[in-house]
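Please open the structure in a viewer and keep the sequence at hand. The tour proceeds by selections, each followed by a description of what is found there.

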Amino acid sequence: NTTQGENKYRFGLKGQDWLEEKLIEFGYFLYKKNVKHIGLELDLIVYKYIKDKNLLIIHVIEVKTRRNLGQGVDLEQFDIRRKWIRVKKIMFDIPQAIKELIAVEDCKHSVTFDLAVVLDRGGVFNLHKYIQNVNLLL
């Protein structure tokens, strides 16, 4: 059913929007959102430049929005392995693009592929789990 699929997609976007707002509150900037690239959609790419350390921190985040978790957080159910195989092919192009955007050439950087599980409790969102470098668990 297309309507059900569209509603599920819009529901997921609400969780992404909520997480984006929280990350901005913590000093991150949105680089890109819902980027489609070679059969892959990247939910959020955020960054923070720490000037005194000359360090660029980048998070490529897969956001899963749920009303309940049933059996909990299952990386296989979330299809994280398949996504990681595709993400790692383009992950290393992202730092240079952001460095150009913020006009910083020579700085250290870190890039992580993370999973954020956002729960919706009757329209009230909260972060259930955030796994940084989720690819290391695969």
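The tour begins with the whole chain and then turns to a hairpin and two individual residues.

**The whole chain**

Display the entire protein as a cartoon, bearing in mind that the model is predicted. Three helices and five strands should be visible. Followed from the N terminus, the elements appear in the order α-β-β-β-α-α-β-β. The radius of gyration is 15 Å, close to the 14 Å that the globule rule gives for 138 residues, so the protein is as compact as a globular protein of that length. Along the principal axes, the C-alpha atoms fill a box of roughly 50 × 30 × 30 Å.

Switch next to a surface representation. About 8400 Å² is exposed, and 51% of this area is supplied by carbon and sulfur atoms. Of the 138 residues, 42% count as buried. Colouring by charge brings out 23 positive and 18 negative side chains; the centres of these two sets lie 4 Å apart. For contacts between residues at least 6 apart in sequence, 56% join residues at least 24 apart.

**The β4-β5 hairpin**

Select residues 108-121, which form strand β4, together with residues 124-131, which form strand β5. The two strands run antiparallel and are joined by seven bridges. At Arg 121, the residue standing opposite is Val 124 in β5. Two residues lie between the strands of this hairpin, and Gly 122 in the turn has a positive phi of about 65°.

**Val 63 in strand β3**

Move to residues 55-66, strand β3, and pick out Val 63. Is Val 63 buried or exposed? Its relative accessible area is 6%, under the 20% limit, so Val 63 is buried. Show the residues around Val 63: beyond those up to four places away in sequence, Val 63 touches Gly 15, Gln 16, Leu 19, Asp 43, Leu 44, Ala 116 and Val 118. Then draw a C-alpha to C-alpha distance from Val 63 to Leu 13; the two residues are 8.9 Å apart in space and 50 residues apart in sequence.

**Lys 83 in helix α2**

Finally, select residues 80-90, helix α2, and centre the view on Lys 83. Why does Lys 83 count as buried? The relative accessibility of Lys 83 is 14%, and because buried means under 20%, the residue falls in that class. Which residues does Lys 83 touch, leaving aside those up to four places away in sequence? They are Leu 40, Glu 41, Asp 43, Glu 62 and Phe 113. Asp 43 is thus a contact of Lys 83 and also of Val 63.

Technical notes. Residues are numbered from 1 along each chain as its sequence is written. This is a predicted model: local features need pLDDT of at least 70, side-chain atom pairs count only at pLDDT 80 or more; totals for chains, interfaces and linings use all residues. Side-chain values use heavy atoms; hydrogens and water are left out. Helices (H or I, at least four residues) and strands (E, at least two) are DSSP runs, numbered from the N terminus. The radius of gyration is taken over C-alpha atoms; the globule rule is 2.2 Å times the number of residues to the power 0.38. Buried means under 20% relative accessible area, exposed over 50%, partly exposed in between (1.4 Å probe, protein chains only). Contact means heavy atoms within 4.5 Å. Accessible areas come from the Shrake-Rupley method with a 1.4 Å probe; for residues, only the protein chains shown count as cover. Lys and Arg count as positive and Asp and Glu as negative; His and the chain ends are not counted. The place of a charge is taken as NZ of Lys, CZ of Arg, CG of Asp or CD of Glu. Two strands pair if DSSP finds at least two bridges between them.
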